[in-house]
Amino acid sequence: MKTTVTWNLLKLLLVLGVVCSFAFTADAQNYYPATIGNEWVLESTDGKHRQTYTLEKPEDFADQEFILLKIATEAIQQGKVIDTDKYFVTVDDEGIKLHKTVLQQAVGINVTTVTANFPTPVTFFPKVLVQGDKWDIVADTQILGIPIKTTTNLDIVGFEDIVTPVGTFQNCAKIALKVSVAGPITLQPTTSYQWLAPNVGPIKYETSDGTVFEAISFKLLPPPVKEAQSPPAWQLPSLEFQVTGSRVGGILNAKILENVEDYVSEVHNLGIVAVTGGIVPPGDGTGFATNLERKQDLWIAGIFGNAPIIGTITLFAENDKGRTPVTIKVTINR
């Protein structure tokens, strides 16, 4: 059991080091293209092991918000996968963030699993990589019921040209990963290195024991095309409304439109530009109200004694690309 525990702890340290090289951009270049379907294959220079990195859509519905980075390690002579490690990540304006890991090792017919969850996602890499930048990642987990805390110190030590069997890559980011352990089990700190090529991704990795993996192939898909966003477009059922209102004090008001967002495309914000005729100003019974569906209903109001109330209201819908107004004519009867 001691051997299994020690191996799994070392494995945890190693694979956390591998994942920590999941970088996003540096000097406006993408050092780890995060498109689902991308694949990188690295092989150890001693010919014993092969690692296949893939970016996939998670199978479980609960994990659909994440990108799954899966690393499968194969013993080449045996022709079988001995490790399958899964990392559930997201990409945002700050960089790459990790939400959980599931690390599995096959020993004979047995499979040992080590899981680490991050209720507050941790940042593996900032969006921009700068030589000399340093930061720490702390992971809490259990191995066979034994609590373990690992701390990874990351250091961008330089940018280098790297030669691999699949080609020569210039300006590769070199990251040093120093890992220490706190818990009942004491191990010497380890240091490994990862190289990432601009617009390609991982092309070289050196473990703490000196084993070197180099890229032998990679497949990169174009990033998904983001739908072009246009200014909002109104699609109202009519530009003239005749409704029967209800009296609220001295006000006669009526709901003109329910779920206004359903009548306009790609809208981020709704508002009122102006009102005319017998319609009272926004805030006095005219305006938007949030309903139980968390959408906006449009209410129009006028002075009760003046019914029927006739007027116009000019609405606007806006998003990042602009604002679109529309004017509707309203008659409120009683």
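Where is Pro184 found? The views below take up this residue and others in a predicted model.

**View 1. Pro184 sits in the loop between strand 11 and strand 12 (190–197).** Pro184 is exposed, with a relative accessible area of 60%. The cut-off for "exposed" is over 50%, so Pro184 falls in that class. Leaving aside residues up to four places away in sequence, Pro184 touches Ile146, Pro147 and Ile148. Lys149 lies 35 residues from Pro184 in sequence. In space, the two C-alpha atoms are 9.9 Å apart.

**View 2. Val166, Phe218 and Leu220 make a nonpolar surface patch.** The patch covers about 200 Å². Leu220 belongs to the loop between strand 14 (212–219) and strand 15 (240–244). Leu220 is partly exposed, at a relative accessible area of 30%.

**View 3. The largest nonpolar core holds 42 residues.** Trp40, Leu42, Tyr53, Leu69, Tyr87, Leu98 and Ile203 touch the most other members. Strand 11 (residues 167–182) gives the most to this core, with 6 residues. Another core lies apart from it and has 24 residues. Trp234, Phe241, Ile300 and Ala307 are among the members of that other core.

**View 4. Residues 1–28 keep a pLDDT under 50.** For this segment the model has 87 contacts beyond four places in sequence. Across the chain, pLDDT averages 82. A score of at least 70 is reached by 86% of the residues.

**View 5. The whole chain, for orientation, has 1 helix and 22 strands.** The chain counts 334 residues, and 45% of them are buried. What share of contacts between residues at least 6 apart in sequence join residues at least 24 apart? That share is 54%. The chain exposes about 16900 Å². Carbon and sulfur atoms supply 51% of that exposed area.

**View 6. Two loop residues, Pro184 and Leu220, are set side by side.** Which is the exposure class of each, exposed or partly exposed? Pro184 is exposed at 60%, whereas Leu220 is partly exposed at 30%. The loop of Pro184 comes between strand 11 and strand 12. The loop of Leu220 comes between strand 14 and strand 15. Pro184 has Ile146, Pro147 and Ile148 as contacts beyond four places in sequence. Leu220 shares its nonpolar patch with Val166 and Phe218.

How values were computed:
Residues numbered from 1 in each chain as written. Predicted model: local features only at pLDDT ≥ 70, side-chain atom pairs only at ≥ 80, totals over all residues. Heavy atoms only, no water. Patch = residues over 30% accessible without salt bridge, like charges linked within 9 Å, V, L, I, M, F, W, Y side chains within 5 Å. Areas by Shrake-Rupley, 256 points an atom, 1.4 Å probe, with all protein chains shown as cover. Salt bridge = Lys/Arg side-chain N within 4 Å of Asp/Glu carboxyl O. Helix = DSSP H or I, 4+ residues; strand = E, 2+ residues; numbered from the N terminus. Buried < 20%, exposed > 50% of the residue type's maximum accessible area, 1.4 Å probe, protein only. Contact = heavy atoms within 4.5 Å. Core = buried A, V, L, I, M, F, W, Y, C linked by side-chain atoms within 4.5 Å. pLDDT = per-residue confidence, 0-100.
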